[in-house]
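Open your viewer and keep the selection box at hand. We will move from the whole chain to single residues, one stop at a time.

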Amino acid sequence: MGKGKPEERIILGIDPGTNITGYGVIKVSGNVPELITIGAIDLSKFGDHYLKLKHIFDRTIGIIDEYHPDELAIEAPFYGKNVQSMLKLGRAQGAAIAAALSRSLPIYEYAPRKIKMSITGHGAASKEQVAAMLTNILKYKGPEMKLDATDGLAAALCHFFQAGTVKSEKSYTSWKDFMNKNPGRVR
């Protein structure tokens, strides 16, 4: 970039879910984040889990092709007692990751508590608290942010806040890199 012009990058944030997958796209010029778009992929009309995964993949590709992000920040599935729910969330995350890898996007993964902590200063913050802080930080004055979408936007902003510090808990730049860093997850 030219002298004096701040570096610009676009970050796509995704919160994968099996009924709703939230996303947000921000543009960063220097150290100023700006909201480009926020939305949710509604998966409730798909009865089949595999069709949901295909839709997550297809819509993520569409978002990438429309906004041309430089990086993907994604919320990691949280560990719960229901193994089936965790498995489905992991698959949803995998569909979004596969879409990003197919477009050669670097991927950064963040735990839900880390995302909430970076936005609100409190790792157990509610969705409403996160949404209110996002509105403040991004100086957003449009219609109220839908809570299903704010976690995706929060992941993007969390990644922005990590610049210059530890990047993320996990990051991948290609399928080969993913397989090398996760030998037990790939057969």
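The tour below starts with the overall fold and then visits a helix, two loop residues, the salt bridges and a buried charge.

**Before you start.** This is a predicted model, in which local features need pLDDT of at least 70 and side-chain atom pairs count only at pLDDT 80 or more, while totals for chains, interfaces and linings use all residues. Residues are numbered from 1 along each chain as its sequence is written, and side-chain values use heavy atoms, with hydrogens and water left out.

**Stop 1: the whole chain.** Colour by secondary structure and you should find six helices and six strands; helices (H or I, at least four residues) and strands (E, at least two) are DSSP runs, numbered from the N terminus. Along the sequence, the order is β-β-β-α-β-α-β-α-α-α-β-α. Of the 187 residues, 43% count as buried; buried means under 20% relative accessible area, exposed over 50%, and partly exposed in between, with a 1.4 Å probe and protein chains only. Taking contact as heavy atoms within 4.5 Å, 61% of the contacts between residues at least 6 apart in sequence join residues at least 24 apart.

**Stop 2: helix H2.** Select residues 83–102. The 20 residues of H2 should span 28 Å at 1.5 Å a residue, and the end C-alpha atoms are indeed 28 Å apart; the expected span is 1.5 Å times one less than the number of residues. Buried positions in H2 include Leu89, Ala92, Gln93 and Ile97. At the N-terminal end, show Asn82 as sticks: this residue caps H2, with a side-chain oxygen 3.0 Å from the backbone nitrogen of Gln84.

**Stop 3: two positive phi values.** Most residues other than glycine have a negative phi. Now pick Ser104, which follows H2 and has a phi near 60°. Ser104 sits in the loop between H2 and strand E5 (107–110) and is exposed at 59% relative accessibility. Next, go to His68, in the loop between helix H1 (49–67) and E4; its phi is also positive, near 50°, and His68 is exposed at 55%.

**Stop 4: salt bridges.** How many salt bridges does a search of the whole structure find? There are four, where a salt bridge is a side-chain nitrogen of Lys or Arg within 4 Å of a carboxyl oxygen of Asp or Glu. Three of them are worth displaying:

- Glu71 and Arg9 have their closest N and O atoms 2.6 Å apart. Glu71 is in strand E4 and Arg9 in strand E1 (residues 8–15), so the pair ties together parts 62 residues apart in sequence. Both residues are buried.
- Asp65 and Arg103 come to 2.8 Å. Asp65 belongs to H1 and Arg103 to the loop between H2 and E5, so this pair ties together parts 38 residues apart.
- Asp151 and Lys127 come to 2.4 Å. This pair links helix H5 (residues 147–161) with helix H4, 24 residues apart. Asp151 is buried at 10% relative accessibility, whereas Lys127 is partly exposed at 34%.

**Stop 5: Glu75.** Finish in strand E4 (residues 71–75), where you will find Glu75. Glu75 is buried yet has no salt bridge, and the nearest side chain of opposite charge, Lys127, is 6.8 Å away; here Lys and Arg count as positive and Asp and Glu as negative, with His and the chain ends not counted. Leaving aside neighbours within four places in sequence, the contacts of Glu75 include Ile14, Gln93, Tyr110 and Asp151.

Key:
Polar contact = N/O pair within 3.5 Å; in protein donor to acceptor, adjacent residues only side chain to side chain.
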